[in-house]
Amino acid sequence: MQMTPPADPSDDVSRSEAYQNEGIRTLLGMFEHGDPAEQLSLQQILHGLEQSAFGMFLFIAILPAFIPIPGIGGAVSGPLVLLIGLQLLCGLSRPWLPGFIGKRGPKRATMHSFLSKISRPLRRLDRMLKPRLSVMIGPLPARMFTGLLLLLVGVLLSLPIPFTNYLFGFQLLLFALALIERDGALMLVNWIAAIAAVLFFGLSSGQLVNGVIELVQRWTGG
């Protein structure tokens, strides 16, 4: 009878290190050093990422939502969030970047400035978040449901609802952190909060339905 060799403990260590190399600290550390004027393309930022690619893409996509200029967040972040949500809904395991999007991205100084403003809560979250409840993150139905909610919140972000850019931006930031850290507990909280936002801001006022109709008409040329 052929004996199966025991599992090498170093394999688990290497997998653990591979995950840690895509954690919040390491992922965001790439923006701390270098020429502040350098523009980092999305292709460059997402290159080599595996589990955290969608989370990092979403993190970058929502940055304009925190710019205190009316209309900027919805016009820039909204379509990118819709693209991410659609890809997750379609079951993609890694983001697909159209060329004109992949070649664009934030300047290093912009990222550093944004991160400096949220560094304190990020450090706290870094101690709290961890890979858990993988059933909320990894399986295809979970990824598709996350994609559906991102689509709906992305539509809400795109709509001219007063004083909601920061609200939806923060909600999408938590989605991004849950994807980056593979934290199913945080993802469950995000699901509940997103459903509440859709019911309160969207369906109750009819703005979500009208927004979806407008987007479909725009895409179909109707």
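Let's start with one residue, Thr 146: setting aside neighbours within four places in sequence, it is in contact with Leu 88, Phe 175, Met 187 and Trp 191. Keep in mind that what you're looking at is a predicted model. Thr 146 sits in helix H9. Is this residue buried or exposed? Its relative accessibility is 3%, and since anything under 20% counts as buried, Thr 146 is buried.

Now zoom out to the core. In soluble globular proteins, nonpolar side chains tend to be buried together. Here, the largest nonpolar core has 59 residues, and Leu 58 and Phe 59 are the ones with the most contacts inside it. Which elements give two or more residues to this core? They are helices H3 (42-46), H4 (53-61), H5 (72-89), H7 (108-117), H9 (140-158), H10 (165-181) and H11 (184-203). H10 gives the most, with ten residues.

Next, head out to the surface, where you'll meet helix H9 again. Phe 145, Leu 148, Ile 195 and Leu 199 form a nonpolar patch there, and together they have about 310 Å² of accessible area. H9 and H11 are the elements that give two or more residues to this patch.

Take a closer look at Leu 148, which, like Thr 146, lies in helix H9. How does Leu 148 count, then, and why? Its relative accessibility is 35%, which falls between the 20% limit for buried and the 50% limit for exposed, so Leu 148 counts as partly exposed. So helix H9 holds both a buried residue, Thr 146, and a partly exposed one, Leu 148.

Definitions and conventions:
Residues are numbered from 1 along each chain as its sequence is written. This is a predicted model: local features need pLDDT of at least 70, side-chain atom pairs count only at pLDDT 80 or more; totals for chains, interfaces and linings use all residues. Side-chain values use heavy atoms; hydrogens and water are left out. A nonpolar core is a set of buried Ala, Val, Leu, Ile, Met, Phe, Trp, Tyr and Cys residues joined through side-chain atoms within 4.5 Å. Buried means under 20% relative accessible area, exposed over 50%, partly exposed in between (1.4 Å probe, protein chains only). Helices (H or I, at least four residues) and strands (E, at least two) are DSSP runs, numbered from the N terminus. Contact means heavy atoms within 4.5 Å. Patches are made of residues with over 30% relative accessible area and no salt bridge: like charges are joined within 9 Å, nonpolar side chains (Val, Leu, Ile, Met, Phe, Trp, Tyr) within 5 Å. Accessible areas come from the Shrake-Rupley method with a 1.4 Å probe; for residues, only the protein chains shown count as cover. A salt bridge is a side-chain nitrogen of Lys or Arg within 4 Å of a carboxyl oxygen of Asp or Glu.
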